[in-house]
Amino acid sequence: MAVPFAGLVFMHRLLRISTASQRRLSNRIILVKLHKCLREIRTFSTGSMKWNKNEDDNSDPSPLSTTLTSRQALLSRRRRPLSPLERISGLLPQDALSPEVTQLREQIQQDTEQDTNCAPEESGRGTIPENEDSESLETQLKGTLDEDKSSMSPTLPGERLLVFGELLVAEYRKKGRVEFRKMFKLQEGTRLQSSWGTILHDDIAGQPAGQFLKTNRGVPILIRRASLQDYVLFMKRGPAITYPKDAATMLMMMDVTEGDCVLESGSGSGAMSLFLSRAVGSKGRVLSVDVREDHIKRAALNYGHWRTSWNLRRGEEWPDNVQFHNADLCTASSLLAGWGFHAVALDLINPHLALPTVTPHLHPGAVCAVYVPNITQVIELLEGLRCLAYPLLCEHIIEVSVRDWLVAPALQKDGSHCVSKAPIKDEDQREETWDETDTETTTNKHPAFGSIPYIARPHPEQLSHTAFLVKLRKCVQ
């Protein structure tokens, strides 16, 4: 019995040794695996950090990017950093762990389960409303844009589309200069004739003003409504007109406002009558007197044509506030009886002869503006004021000059833009810079701001002297 017992003891020792060696071997394997896992964790953490940095740099404010960022935040919330004890305990089997480590592992599992349960709620709160808000915002923006487009009118406020009977202006510009300009009346069945082709009036009707229409030769012509300045310059004339630059200055001299009563002597072709009619408005009145009957007829016709075109354009009547009379102002005391004027505009050959009739009907402090083309007429007017001792004070004698300028980009012979060249010191730099500028003129159709030189000179067609304007104010002595 002793021998078998000794053999059993020997076998027991061999088993203990083998189990110890197996444990040591398994521990070594575990350590090797742990080392590899730590390396993988380090590489994953550095890669995720780089990816996050790139994500921040290439951030996009779109709804998709906001969804990704919310998910990344959720994942980062789940992936909290593990302690070394947690990492080692995750690699060891369950029976080899101590009670403290087992309790810690169970606690971690409970925390992860809570995070996964809360994840749909958080994503639902963070991403879905953002997508819904973005979609609703896009629909609202589209709705407002559609409303703006539907409510946007192709014409100016208070105006209509072009209709037959209106006065229009056709204009063609070439290289910044007006090559063709014509005022015409829009009529059914007629056509606009020009050297650049024709346009049917039927094609113009119903279009918005200020639009380019092509002729039968493909040349774009600007069609717009005639302004009062255009109408005065292009209307049929009898005598010479009061040019808009002088009329505007006279209105400022007389300080004409709505509701005033103004006397005009020298109706001419009706230019000054139209400007005064607009200045005094529907509450004011203009009395226009001329010694020649043909001048009165022409002024009345031009005034009526403008009122008709205005009614078609705006849908409301131009005020009928001008009264034309054929009379000599020097002997028209009966005509002016009962009138009191806030301002007087005289366009006569001998204005000093009409002052005795006009002055008593001019309110104290009011202005009489005199339009005379010759300087000798100015001298006669001042001499008449000196001899007759009228209660009129001469405040100003001016000549209004308007000088048109031609300002345009400098072009080369081939039509390309010239380029401003900076001062160069070295010869090598000069050659390089010249090459760069040459390539820029040929390749770049829209050079940068400030890189193109301009030419500026007075326009070859200038409006020369028209008249002298004399401002007389009535004073109480």
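Student: Why is strand 8 described as largely enclosed by the rest of the structure?

Tutor: This is a predicted model, and strand 8 covers residues 285–290. A residue is called buried when its relative accessible area is under 20%. Strand 8 is largely enclosed because, of its 6 residues, the number buried is 5.

Student: Which residue of strand 8 is the bridge partner of Leu 263?

Tutor: Strand 7, residues 261–265, pairs with strand 8 in the parallel sense. The pairing runs over 5 bridges. Within strand 8, the partner of Leu 263 is Leu 287.

Student: What is the handedness of the crossover from strand 7 to strand 8?

Tutor: After strand 7 the chain passes through helix 9, residues 271–280, and then enters strand 8. That path is a β-α-β crossover, and its hand is right-handed.

Student: Which residue of strand 9 is the bridge partner of Leu 287?

Tutor: Strand 8 runs parallel to strand 9, residues 322–326, and 5 bridges join them. Helix 10, residues 293–314, forms a right-handed β-α-β unit with these two strands. In strand 9, the bridge partner of Leu 287 is Gln 323.

Student: Which element supplies the largest share of the largest nonpolar core?

Tutor: In soluble globular proteins, nonpolar side chains tend to be buried together. Here the largest nonpolar core has 39 residues, and Met 250, Met 254, Val 256 and Leu 276 touch the most other members. Elements that each supply at least two residues include helix 8, helix 10 and strand 10. The largest share, 6 residues, comes from helix 9.

Student: Which residues does Val 256 touch, leaving out those up to four places away in sequence?

Tutor: A contact here means heavy atoms within 4.5 Å. With residues up to four places away in sequence left out, Val 256 touches Leu 251, Val 262, Leu 276, Ala 279, Val 280 and Ala 343.

Student: How many cavities of 30 Å³ or more does a search of the whole structure find, and which elements give two or more residues to the lining of the largest cavity?

Tutor: The search finds 1 cavity of 30 Å³ or more, and the largest cavity holds about 100 Å³ of space. It is lined by 17 residues, and those closest to its centre are Thr 242, Glu 264, Gly 266, Met 272 and Asp 347. The elements that give two or more residues to this lining are strand 7, helix 9 and strand 10.

How values were computed
Residues numbered from 1 in each chain as written. Predicted model: local features only at pLDDT ≥ 70, side-chain atom pairs only at ≥ 80, totals over all residues. Heavy atoms only, no water. Buried < 20%, exposed > 50% of the residue type's maximum accessible area, 1.4 Å probe, protein only. Helix = DSSP H or I, 4+ residues; strand = E, 2+ residues; numbered from the N terminus. Pairing = 2+ DSSP bridges. Right-handed = clockwise from strand over helix to strand, strands pointing away. Core = buried A, V, L, I, M, F, W, Y, C linked by side-chain atoms within 4.5 Å. 1 Å grid on protein atoms, 1.4 Å probe; cavity = no way out; pocket = protein on both sides within 12 Å on 5 of 7 lines; lining within 4 Å. Points joined across faces, edges and corners; volume = space filled by probe spheres on them.
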